[in-house]
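Here is a set of short exchanges on a single model. Each one asks for the grounds behind a label.

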Amino acid sequence: MATTMVLQSYHINAVIILILAFTTSFKGTEAQRAFFVFGDSLVDNGNNNYLATTARADAYPYGIDYPTRQPTGRFSNGRNIPDFISEAIGAEATLPYLSPQLNGQRLLVGANFASAGIGILNDTGIQFVNIIRIFRQLQYFQEYQQRVSGLIGPARTQRLVNGALVLITLGGNDFVNNYYLVPYSARSRQYSLPDYVRYIISEYKKILRRLHDLGARRVIVTGTGPIGCVPAELAQRSTNGECSPELQRAAGLFNPQLIEIIQQLNNEIGENVFIGANTRQMALNFITSPGAYGFVTSKVACCGQGPYNGLGLCTPLSNLCPNRDINAFWDAFHPSEKANRIIVNQIMSGTTEYMYPMNLSTALALDSNKNI
Ligand SMILES: *[C@@H]1O[C@H](CO)[C@@H](O)[C@H](O)[C@H]1NC(C)=O
Ligand SMILES: *[C@@H]1O[C@H](CO)[C@@H](O)[C@H](O)[C@H]1NC(C)=O
């Protein structure tokens, strides 16, 4: 009896080792799906460290809960949305495109082209001077493909790009760092809010089409978050802690029109290349019922100063909360690591109320059947 059990457990161990060996080789660079990221500070993981700009997150206490406990350029106390998506697809985190470490086999993991401060429009975030605007990010994507081509040849490069998962996050800064940056901004004198939203949406459509032209075949497009409810806006525009109605109106106009262009593009292409993620609704859930998500506050940023810790930048001299997991917002504009994880869980398995036309786990299952 005892011998059989030993034999059996020996057998089970052998099977486990075989499975481990199999998964390890399966996770090798060949079979793994590449991941590309475009957009703004919600998804930048360090490109701005390499630029002369004030839009940066490369000093303490940024990164205080990151695995290395070091600032990386992510606008989070720990990991950000792309990190949790990488984790969900079983990949290592992508490196910033400007990182000198991004070369050789590491290129096959993908790349992050995002740059804090940018928007859909070229004149968004001009106060940050040297940031990588979206057109430049797309040029870098082309340059990336040439580099990979030199490594594995054009046919395999195309397979890698076509088979990749892509994330793009734009739009918040076109309000916060453009239309509403100062009273009577140039854009607000030029356009009424509804006309401005129509304009930036039409420009966004061109950007998404270009991304498809460059080979992207599975693209998660996030809407703007609840930009009126971030601690920065509560500090500047709110008298009683209510979200700013004007900025909420902007997000309310933008997001449904984003879904419309996603629908149009998918119809034109004849495939569901683009998937809309309603990050505004996801975040509104934990903003309106913080307790249900384990947060103590969704109004006060963990790091900052002034009302709601919403004024100025998060610096070594700012107030810093002891437990980052109980704040929905890390700094005046950006969700905490815990909130980022909640958002990615919804991206993975949310209903069609959050993910249009399907959630990411459904998309991943479809793609693995297609064997791209
Ligand atoms: C932004 O700049 C790029 C490159 O300079 C240009 O091709 C594009 O049309 C500009 N976008 C807008 C909306 O003006
Ligand atoms: C989303 O993903 C889950 C798997 O995590 C799946 O069971 C569910 O049916 C999906 N929901 C929708 C609405 O597609």
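The questions below set values against definitions.

This is a predicted model, so local features need pLDDT of at least 70 and side-chain atom pairs count only at pLDDT 80 or more, while totals for chains, interfaces and linings use all residues. Residues are numbered from 1 along each chain as its sequence is written, and chains are lettered from A and ligands numbered from 1 in the order in which they are written.

Q: Why is Gln70 called exposed?
A: A residue is exposed if 12 or fewer other C-beta atoms lie within 10 Å of its own, buried if 20 or more do, and partly exposed in between, with C-beta atoms placed from the backbone. Gln70 has 11, so it is exposed. Gln70 is found in the loop between strand 1 (35–39) and helix 2 (81–88). Helices (H or I, at least four residues) and strands (E, at least two) are DSSP runs, numbered from the N terminus.

Q: What makes the protein chain as compact as a globular protein of its length?
A: The globule rule is 2.2 Å times the number of residues to the power 0.38, and the radius of gyration is taken over C-alpha atoms. For 372 residues the rule gives 21 Å; the chain's radius of gyration is 21 Å, close to that, so the label holds. The C-alpha trace spans about 80 × 50 × 40 Å along its principal axes. Of the 372 residues, 45% count as buried.

Q: What makes a set of 93 residues the largest nonpolar core?
A: A nonpolar core is a set of buried Ala, Val, Leu, Ile, Met, Phe, Trp, Tyr and Cys residues joined through C-beta atoms within 7 Å. Val166, Val219, Ile220 and Val221 touch the most other members. Helix 9 (residues 245–269) gives the largest share, 7 residues.

Q: Which residues is Val166 in contact with, leaving aside its neighbours within four places in sequence?
A: Contact needs C-beta atoms, placed from the backbone, within 7 Å. Val166 has such contacts with Phe36, Leu211, Ala216, Arg218, Val219 and Ile220.

Q: Which residues are around ligand 2?
A: To be near, a residue needs its C-beta atom, placed from the backbone, within 6 Å of the molecule. Ser349, Thr351, Thr352, Met358, Asn359, Ser361 and Thr362 are around ligand 2.

Q: How does the shell around ligand 2 divide by class?
A: Ala, Val, Leu, Ile, Met, Phe, Trp, Tyr, Cys and Pro count as nonpolar, Asp, Glu, Lys and Arg as charged, and the others, Gly among them, as polar. The shell has 1 nonpolar, 6 polar and no charged residues.

Note on methods:
Two residues are in contact if their C-beta atoms, placed from the backbone, lie within 7 Å.
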